[in-house]
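Visitor: Could you take me on a close look at a single part of this structure? I'm in my first year, so please go step by step.

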Amino acid sequence: MSIQKIARLAGVSVATVSRVLNNSESVKAKNRERVLKAIAESNYQPNLLARQLRTARSSMILVLVSNIANPFCAEVVKGIEEEAEKNGFRILLCNTGSDMERSRSALNLLSGKIVDGIITMDASSRLPELATLIGSAPWVQCAEYADDGDVSCVGINDVDAAQCVIDQLLARGCQRIALINHDLSYKYARSREEGYRAGLKAHQRDYTVVEYASDLSFSAGKAAMQALLRNTERPDAVFAVSDTLAAGAVLAIHEAGLKMPQDIAVVGFDGTELAEMVTPPLTTVYQPSKEIGRQAVGLLLNKIDNPEAPAQRIMMDWQYVSRASA
């Protein structure tokens, strides 16, 4: 089905169909509706390469994630895709595995004009190298950000959220709160540990024990919890920097014959569905993952349309969700 046939079916000009396909606001609502109906009835698929040649745009967004298996990342990507499609864009997803060579290979799509912009969910320590590779192309860093503010970003205040977790655990009478953290090359890991330490210091607590998981996985969370249980002074509460790590910790506690929250309280982070799937259900810090993705697309589209616009930083609200684990 060609664009000419779509125009005949809709009873409009080829130019009107083209303007609808390119999301032009100059099309009358009645004509837009007729064109969209004709497209739906004919199952028309526009030639993306031809559109790119006409408009110098591909209507494609490159999304780099370090680990798509992370439930939080997966939810953010859903939000990105939903908002992109709503605005006439598609996404190309690259699971980098935190491998800079894979990122470099994917970023070649920028120089080839295959994509119009990029959204990354990478460790903030990699931002300088990414900035060199990305150059002046439209770019948004999602859920991670640099302190200098050179790149548009969207996320939450991890320090405040982590400090709230400590306040809540201390308020319920916990005395020895341990932290299960991950890779400190990620800003969220550094910020959540900063909030953990600041919360304990504010209440003049000396017990600060941090166990670093080998990766952001269920098995690594279980192993980290087992290490904490071997300590001479066992914690009576554990704060994990992700729900996935916390879920692993829950299993380790179960296998040790201990009860939650009576023996050990457990709090996760992210507010993913996983938090409601474990037994007992996890107390967690909910962050609006899909909305973070949608906001990232909004920032990117603004940068695509206004290349000289200054970088923007959006900090989203978060919520402490109390459940049976704490």
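Guide: Let's begin where helix 5 ends: Gly88 follows this helix, and its phi is positive, near 80°. Keep in mind that we are looking at a predicted model.

Now step back along the helix itself. Helix 5 covers residues 71-86, which makes 16 residues. From its first C-alpha to its last, helix 5 reaches 23 Å, close to the 22 Å expected at 1.5 Å a residue.

At the other end, look for Asn70. A side-chain oxygen of Asn70 comes to within 3.0 Å of the backbone nitrogen of Phe72, at the start of helix 5.

Phe72 also belongs to another group worth finding. Together with Cys73, Val76, Val77, Gly79, Ile80, Glu83 and Ala84, Phe72 is buried. Buried here means that under 20% of a residue's relative accessible area is left. Try turning the model until you look down the axis of helix 5: the buried residues fall within an arc of 160°, so they line one face of the helix.

What do the buried residues of helix 5 pack against? Their neighbours include four strands: strand 1 (60-65), strand 2 (90-95), strand 3 (117-121) and strand 4 (139-142). Helix 13 (289-305) is a further packing partner of these buried residues.

So, to retrace the path: Asn70 sits by the start of helix 5, the buried residues line one face, and Gly88, with its positive phi, comes after the helix.

Notes
Residues numbered from 1 in each chain as written. Predicted model: local features only at pLDDT ≥ 70, side-chain atom pairs only at ≥ 80, totals over all residues. Heavy atoms only, no water. Helix = DSSP H or I, 4+ residues; strand = E, 2+ residues; numbered from the N terminus. Expected span 1.5 Å × (residues − 1). Buried < 20%, exposed > 50% of the residue type's maximum accessible area, 1.4 Å probe, protein only. Arc of directions from axis to C-beta. Contact = heavy atoms within 4.5 Å. Polar contact = N/O pair within 3.5 Å; in protein donor to acceptor, adjacent residues only side chain to side chain.
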